[in-house]
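Work through the exercises below with the coordinates open. Each task is followed by a solution in steps.

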Amino acid sequence: MLLIADHLSYKYDKLNKKNVLDDVSFSINKGEIVSIIGHTGSGKSTLIEHFNALNTPTEGTIYYDGKDIFEKDYDRKALRAKVGLVFQYPDHQLFEETVYKDVCFGPTNLGLDKKEVELRAYEALKKVGVEDDLFFTSPFELSGGQKKKVTIAGVLAMKPEVLVLDEPTAGLDPKWREEILNIAKRLRDEDGVTIILVSHSMEDVARYSDHIIVMDHGKKLLDGTVDEVFEQAEVLREASLDIPESTAIMRLLRKEGYMVNTAIYDADSAVREIRQKIRF
Amino acid sequence: MLRDITLGQYYNTKSVIHDLDPRTKILGTMVYMVSLFAFNSFWTYLIAFAALCTVIVLSKVPVRFMLRGMKAIFLFLTITVLYNLFLTQGDTIFSFWIFNVTIQGLKQAILMFFRLTFLVVGTSILTLTTTPSNLTDGLESLMHPLKWIRIPVAEIAMMMSIALRFIPVLTEETDKIMRAQKARGADFDNKNLFKRIKSYVPILVPLFISAFRRANDLATAMEARAYRGGDGRTKMKPLKYKAGDWIAYTSMLLYGITALAITVLINFQTFMLKA
């Protein structure tokens with residue numbers, strides 16, 4: 001187990017009685033793609049900011065690689081290189097004159113020498129598929145999807161072991177969504193990076209995840225494999241979340257007595273499955 | 001982190017003072033300030049103190065909130081009091097080393113202490129009991145006559161309320177940007193001053209870009225709703241005097257007259273004694 005949340009609770013201030021996070025515990029394995037899903041205000045963004053110690057829990061703690069990251073002498077700056085966090089809005093991060101310089105910011109902060117920094121920046125940009133001719137343009141002239149790629153590269157250049165993506169698909173069209181999620185998958189498959197996706201939409205991330213954690217009002221509602229979580233459709237509905245439509249259809253067909261596979265999360269596979277299993 | 005900063009110091013509760021029209025409160029504060037400078041006998045200050053206490057009790061704001069403003073001027077207050085105490089010419093009470101404490105100096109120092117304290121507490125009542133937007137409305141209405149000398153009062157007020165509206169938005173954004181850069185290993189606690197200033201560039205650039213973008217969006221949104229300056233604009237909540245305001249104005253007048261009468265009486269007495 002790479003990352004363990006141990007009875008984590010968090011409040012904005014001591015006077016406030018409301019817990020933003022309330023006794024949350026789970027563990028994440030190395031090389032998994034984990035999705036943390038919840039509605040707005042469920043505490044998912046607050047939760048992930050604990051992973052690299054940007055937030056300090058009111059109670060409980062987090063263990064990374066077997067060590068308590070909120071222990072007094074733990075090197076939290078080094079942790080931020082190991083657990084890379086990409087925020088939702090690229091505009092909150094991009095600031096340099098060129099794309100390339102911006103990606104260099106992270107590794108430079110790690111105190112690496114110039115050659116190493118430039119090599120890492122180059123590799124990171126290549127990895128996310130930014131074309132060479134964009135390297136020296138201003139990051140502010142890019143499209144939303146390109147900006148997103150550059151921000152991911154900016155964090156990747158620090159060579160994280162865990163990459164946390166907060167709402168990676170928000171505000172992107174379907175083509176870009178697919179592309180960004182494929183980058184995440186490729187990073188896991190080729191480099192063994194553990195991926196944590198944060199989203200409010202099952203539809204988006206179900207296909208890519210090995211493990212889903214559902215948050216609701218600061219509490220952990222469900223935790224398990226995709227199938228295990230979708231099994232609990234009723235519970236999800238109560239948290240104003242839904243299983244993907246394709247999955248819902250497959251489950252209905254199953255209920256009606258058709259022997260179809262219910263572990264299907266997108267329209268294309270649903271169509272294929274129905275064609276194969278049901279003869280009219 | 002930055003979330004703790006709240007704008008102004010509005011204390012949310014219900015009281016007769018909170019319910020007053022902002023114009024009444026602004027004018028009342030002005031009357032009070034003028035009275036502190038115009039009248040400086042013991043008896044007028046006693047009345048000023050009584051008036052202050054009455055308003056504090058009516059406002060239902062805890063006194064410690066009023067005294068918070070005192071912290072900011074503590075140094076200034078100390079210097080003023082010491083300056084007056086030691087450097088006023090007159091009849092010496094006692095002296096040590098190079099300092100001469102005179103009876104006039106002592107009086108002046110005490111007067112200055114109370115004047116500044118009353119000033120700070122008096123003005124903080126205004127900001128504690130009036131929301132920033134209400135305050136802007138009140139100022140706009142009071143500055144209305146300045147239109148005659150071609151000062152764009154409505155535009156200034158609009159700028160003020162927009163600025164007030166965006167302070168919390170930009171504060172939150174700064175917080176988010178700081179977190180995003182920290183996640184990339186940025187260090188804002190550097191001991192070296194030059195390096196620390198430099199470390200704020202990654203925050204300032206995104207912040208400015210977003211502020212300009214927001215300004216642009218807002219301008220477009222205002223344009224789309226045919227905003228064309230302050231002329232002939234009506235208000236959603238027009239300012240209206242209520243019974244309480246007239247009571248407040250009467251009290252202000254009574255306060256002014258009493259203080260003036262006492263001053264005249266004291267001066268008349270000293271004049272008679274001399275004669």
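**Exercise 1.** Which element gives the most to the lining of the largest pocket, and with how many residues?

Solution. The model is a predicted one.
- Step 1. Begin with the volume: the largest pocket holds about 1,400 Å³ of space.
- Step 2. List the lining. It consists of 38 residues, and those closest to the pocket centre are B:Ser133, B:Asp137, B:Met158, B:Ser161 and B:Lys235.
- Step 3. Assign the lining to elements. Two or more residues come from each of α7 (132-142), α8 (153-183) and α10 (201-224) of chain B.
- Step 4. Pick the main contributor: α8(B), with ten residues.
- Step 5. Sort the lining by class. The result is 18 nonpolar, ten polar and ten charged residues.

**Exercise 2.** Describe the second largest pocket in terms of its volume and lining.

Solution.
- Step 1. The space in the second largest pocket comes to about 840 Å³.
- Step 2. Its lining has 29 residues, of which A:Tyr12, A:Gly41, A:Ser45, A:Thr46 and B:Lys176 are the closest to the centre.
- Step 3. At least two lining residues are supplied by α1 (44-51) of chain A, and at least two by α8 of chain B.
- Step 4. The most again comes from α8(B), here with five residues.
- Step 5. Five nonpolar, 14 polar and ten charged residues make up this lining.

**Exercise 3.** Determine how helices α3 and α11 of chain B are oriented, and which residues join them.

Solution.
- Step 1. Take α3 (residues 42-59) and α11 (residues 243-274) of chain B; their axes come within 9 Å and cross at roughly 165°.
- Step 2. Angles over 145 degrees count as roughly antiparallel, so α3(B) is roughly antiparallel to α11(B).
- Step 3. The crossing of α3(B) past α11(B) is right-handed.
- Step 4. On the α3(B) side the contact is made by B:Trp43, B:Thr44, B:Ile47, B:Ala48 and B:Ala51. They meet B:Tyr255, B:Thr258, B:Ala259, B:Ile262, B:Thr263 and B:Ile266 of α11(B).
- Step 5. By class, this contact has eight nonpolar, three polar and no charged residues.

**Exercise 4.** Repeat the analysis for α2(B) and α11(B).

Solution.
- Step 1. The two axes come within 10 Å, with a crossing angle of roughly 10°.
- Step 2. Angles under 35 degrees count as roughly parallel, so α2(B) is roughly parallel to α11(B).
- Step 3. From α2(B), the residues in contact are B:Arg23, B:Thr24, B:Leu27, B:Gly28, B:Val31, B:Tyr32 and B:Ser35. Their partners in α11(B) are B:Asp245, B:Ala248, B:Tyr249, B:Met252 and B:Tyr255.
- Step 4. The contact of α2(B) with α11(B) divides into seven nonpolar, three polar and two charged residues.

**Exercise 5.** How many cavities of 30 Å³ or more does a search of the whole structure find, and which residues line the largest cavity?

Solution.
- Step 1. The search finds one.
- Step 2. About 40 Å³ of space lies in the largest cavity.
- Step 3. Its lining is B:Ser35, B:Leu36, B:Phe39, B:Thr44, B:Tyr45, B:Ala48, B:Tyr255 and B:Ala259.
- Step 4. At least two of these come from each of α2 (22-38), α3 and α11 of chain B, and α3(B) gives the most, with three residues.
- Step 5. By class, six lining residues are nonpolar, two are polar and none is charged.
- Step 6. Relate this to the helix contacts. B:Tyr255 of α11(B) is among the residues that meet α3(B), is also among those that meet α2(B), and lines the largest cavity.

Methods:
Residues numbered from 1 in each chain as written. Chains lettered and ligands numbered in written order. Predicted model: local features only at pLDDT ≥ 70, side-chain atom pairs only at ≥ 80, totals over all residues. Heavy atoms only, no water. Axes fitted to C-alpha atoms, helices over the stretch in contact; angles between N-to-C directions. Helix = DSSP H or I, 4+ residues; strand = E, 2+ residues; numbered from the N terminus. Parallel < 35°, antiparallel > 145°, perpendicular 65-115°, else oblique. Left-handed = near helix turned anticlockwise from the far one by under 90°. Contact = heavy atoms within 4.5 Å. Nonpolar A, V, L, I, M, F, W, Y, C, P; charged D, E, K, R; others polar. 1 Å grid on protein atoms, 1.4 Å probe; cavity = no way out; pocket = protein on both sides within 12 Å on 5 of 7 lines; lining within 4 Å. Points joined across faces, edges and corners; volume = space filled by probe spheres on them.
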